[in-house]
Amino acid sequence: MNKAMLIDQTKCIGCGACTVECKAKYEASYSILRTKMLGYETGSFPDVKLRYKKHACMHCFVAACEEICPVDAIFHVEGENGGMVEVDKETCIGCGACIDACPFTVPQLDPEDDDNMEKCSFCAFRVVEGASTYCAEACPVGAIDFGEREELISKGEERVAVLREAGKDKASLYGTDDTGVLLLIDEDPEEYELAPEGFTLSRVGWRALNAYGGLALAAALGGYGYKVVRERWEENKEKESSTKE
Amino acid sequence: MSKKEEKWKLSRRAFLLASGAAVTAGAASNFLIAGCQPEEVERDPDDPVDEQPEIDKTLVSVEPEITDTKFNFCGICSANCAMIVDIADDKAWRIRGNPDDQVAEGHLCVKGYSALKDLYDPDRLKHPMKRTNPEKGPGVDPEWVKIDWDEAFELAANAYNEAIEEHGPQSLAFISRGHDWMNRLQRAIGTPNHIQHHSTCFTTYTAVWRAAMGTGNRPFMLDVGRAKYILSFGWDQPSKAKNMSAREYVKAVENGAKVVYVDPRLTITGALGGEWIPIKPGTDLAFMLAMIRIIVNEELYDKDYVDNYTSGLEQLAAAVQDYTPEWAAEITEVDADVIERVAREFATTKPALIPNHKRDAGGPNYANSWRVAFCINILNALVGSIDREGGQIIGRTPSMVSFDDAFPPPDYPEMPDARIDGFEKHPIIGPTRRGDFSTITEAILDEEPYPLKAAFIRKHNVLAFPNAPRFVEALQKLDFVAVCDVWPSEMVQMADVVFPEPYYLESSGFGNRVYHAFYPQIALREPVIDPLYDTRGYGGIITGLAQAMGYGEYFEGVSSGELNEQRLEALGTSMEELKQNNGIWSDERPFEGRTEWDTPSNKIELYSTVLEENGYDPLPHWQPKKEMPTDEYPYYMIISRPPMHKMSQTQNNELMMQAYGEENSVMLNSATAADLGVEDGDEVIVESRANQVTLKAKVMEGIRPDTVCIEHGFGHWSRELTIAFNKGANEGDLIPTMPIDEMLAAGDPGAGSQMQDFCVNVYKA
């Protein structure tokens, strides 16, 4: 992936400008936020830390959601400025397998849109044409940088060095090997509910195993995988009808 | 069969076929959901395996073709960030910050980005209406009937003229922000009663600023971005997403500025900055007095600045000698050595700044807030930060041709002095005629000093008043109320006649950068689309009302178009030039710090002769906040505002409500919650001597155990606000109102509403 977003959580004020601009532009359904702010408070009074994380699709190079999707509705966008993870909503069956597979718990099913999976698209249609993402353009404090991946990695690493110099030992640039989105953080990744670095392949396998109670077993039993997916679908349908009531 | 079911059936068949192929081929995938062979499947040998539908990898654009671009500036807060609005097929599609505007610098805050949802909100007021149900209040359907503008003006004019004839002009009050047209009608009628929200917002600060600096300019401009030491006593604009404050603050932090955040609650401002000092509510004054003592005694102040541009250092030094760090430590619950360290760091790191904005820090929170504001001025002056880079700046806002110069008025009648809210009794802030939200309620109910019979109200919402339910009772006592608004707010629910206004994106005018002007600049506002509904601008509504009431002569020849032209001409520009220059006119010039002040001594007065002449303490002294925790009300109460919302104006915007999470909550320290047997998400009742509210508890660490916090803007009861209705609760219901005697006894030159100077009890619902 040649392009990237560098999100500097040490500059983020958690205002939700990215959330709102994204939702407005994509006209997402009421319950859907393709990107949102999550706040993390750690420690206990009076030694308390507070940070926000811009929570959205990380655009993994090896994407668990893509691997697990039973109908191959999830794909990496091709082309020079491609590489982001997208979903074909015509093909999506709303089974929710991707939700459990995602190491970042990002995908959502949109009850107002036929239960299709909804998530950040890295503004793929803009980025492949050479433009930026809506959230990066919106951020009023410059916490979201969009640009050439290599340049952003250098820039992020320089900032990490500055932060470490200033005594923030845990400052790091997250995602340099795995994801299209880079997060600049100054606490351990776990504090931000982020998978440990280098999660991709192993993480994918682990999550899938977790979600489906033993894949080897599933394979051996035959039909089990189908059953799980089917159950998930029924569950979602139930949820939807109860919301409508 | 639904579309989803069809898709499911198709997909199921496809992946079963595919899986059959996989098994046949002996490929062992790691992700074998599709790799299983369900028993019930009967494979049709004629079905080719590659029948799995090709997925569509076409990227769908959500962007329409932009057909036009318009200029406007945000009307949500008074920062007025300049906007560029992209139009597609007569519909506003996107709002961007104007890069040529020194306030916006190309970006907007979350509220600005959400504005198109407001513009196209189907709940907006669409035409004039009259009430047919004489009963008024929460839960009552006004039974609106659509009327035309002439009938609306006639109904209002008859009601107002009747009140004036029977009870005198003072029986009519205008509750509205200051506005040239409105102020002219008010003076033509001869009522002294023009009431604005400022006593709940910033008058504590502006009163002492006017006294110590002599400038009428608003003290809202901060050069936070260039500060190297930011000492915030509850200044929290970054976490409230004030566009330029957040941007400049993050810039300062990125550049390594040291930040000390002194507040009973930790917010992102304090968290990004580094050091949080959880001071006891209402005791900032003690911390500041001890700082002044250290800085003066150790001669750490900026000698050049203090010698040349301030007066009264000796009196100041004598006044603060009792305020030792140990004394302050006992009051504030902050260690004495921390206070000493902060004082020394603040005085020796340059540029250093104690920022302040309205209700933050020196705003009307407590009975002693005006003294806090006074100390902020003094401390900033001692370190040489007033009107200097990295400090508090006196905005270079361009002056505009005044309304009266453009359209000289006929003579006005005599106006009685006595106001319904007693605001004329405050010698310094009284002449600004800003009015008082906290005293008006009891004055109307008690009919003291006289009965108020009617009100003309614009936009201010019921929820903005201290003890809102009590203010509703006051409104119920009036014979007639007309309300101008964009939305069917709670105030509109109390109206007899409603005048619908356009949203700001449908109107025109100029913004003169009152919050952030390093150099003179104005931004253009032009309608970005044709008005959606049968609305009229405020000036037009006032003119129509004035004509119907018989005051038409005051508005002969008056037009906003003419006023705009005169203003542009005086600045040496024109509408065409503005449009060519991205909607911005600037007179860029290098920043030069001010060397003279408009006080009696031409200096910043550390010993304020203006306060003294007007009967106030001319020096900073300790005064505790008014109400302390008791057995009945054991907790301090603080009020904040979330980044997504502007007071009570933005809750009907679904973008904001979703981004925020719909309901406000009661923030409690985990230790307090444990004491109360409350868990996160439990419903709790918060009770003050004025009222009570029920909300869910948010259990956290970043707040003092003796303090609870609620965010403002929620608890809408107008059923016509379909998104905001019944979400959360209004913490303003808890704020006690004040009779005028109680207000005067506080001795606050700014007549602040003491919005947090009460204590509460909290218990599980």
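**A buried arginine, a helix pair and the less certain stretches**

In this predicted model, Arg124(B) is found in the loop that lies between helix H3 (115-119) and strand E4 (129-131) of chain B. Arg124(B) has a relative accessibility of 2% and therefore counts as buried, since buried means under 20% relative accessible area. When residues up to four places away in sequence are not counted, Arg124(B) touches Asp118(B) and Leu119(B), and also Val486(B), Trp487(B), Pro488(B), Glu501(B), Pro502(B), Tyr503(B), Glu506(B), Leu532(B), Tyr533(B) and Thr535(B).

Elsewhere in chain B there is a pair of helices to follow. Two packed helices are described by the angle between their axes and the distance between the axes. Helix H9 (residues 284-297) of chain B packs with helix H12 (residues 325-332) of chain B at an angle of about 170 degrees, and their axes are 8 Å apart. That angle makes H9(B) roughly antiparallel to H12(B), because angles over 145 degrees count as roughly antiparallel. H9(B) passes H12(B) in a left-handed crossing. On the H9(B) side the contact is made by Ala286(B), Phe287(B), Leu289(B), Ala290(B), Arg293(B) and Ile294(B), while H12(B) contributes Pro325(B), Trp327(B), Ala328(B), Ile331(B) and Thr332(B). Sorted by class, the contact of H9(B) with H12(B) has nine nonpolar residues, one polar and one charged.

Turning to chain A, we can look at the confidence of the prediction. The mean pLDDT of chain A is 86, and 80% of its residues reach 70 or more. Over residues 209-230 of chain A, however, pLDDT stays under 50, and for this stretch the model has 33 contacts beyond four places in sequence. The pLDDT is also below 50 over residues 240-245 of chain A, a stretch that has two contacts in the model beyond near neighbours in sequence.

Terms used
Residues are numbered from 1 along each chain as its sequence is written. Chains are lettered from A and ligands numbered from 1 in the order in which they are written. This is a predicted model: local features need pLDDT of at least 70, side-chain atom pairs count only at pLDDT 80 or more; totals for chains, interfaces and linings use all residues. Side-chain values use heavy atoms; hydrogens and water are left out. Axes are lines fitted to C-alpha atoms, for helices over the stretch in contact, and angles run from 0 to 180 degrees between N-to-C directions. Helices (H or I, at least four residues) and strands (E, at least two) are DSSP runs, numbered from the N terminus. Angles under 35 degrees count as roughly parallel, over 145 as roughly antiparallel, 65 to 115 as roughly perpendicular and the rest as oblique. A crossing is left-handed if the near helix is turned anticlockwise from the far one by less than a right angle, and right-handed if clockwise. Contact means heavy atoms within 4.5 Å. Ala, Val, Leu, Ile, Met, Phe, Trp, Tyr, Cys and Pro count as nonpolar, Asp, Glu, Lys and Arg as charged, and the others, Gly among them, as polar. pLDDT is the predictor's confidence in each residue, from 0 to 100. Buried means under 20% relative accessible area, exposed over 50%, partly exposed in between (1.4 Å probe, protein chains only).
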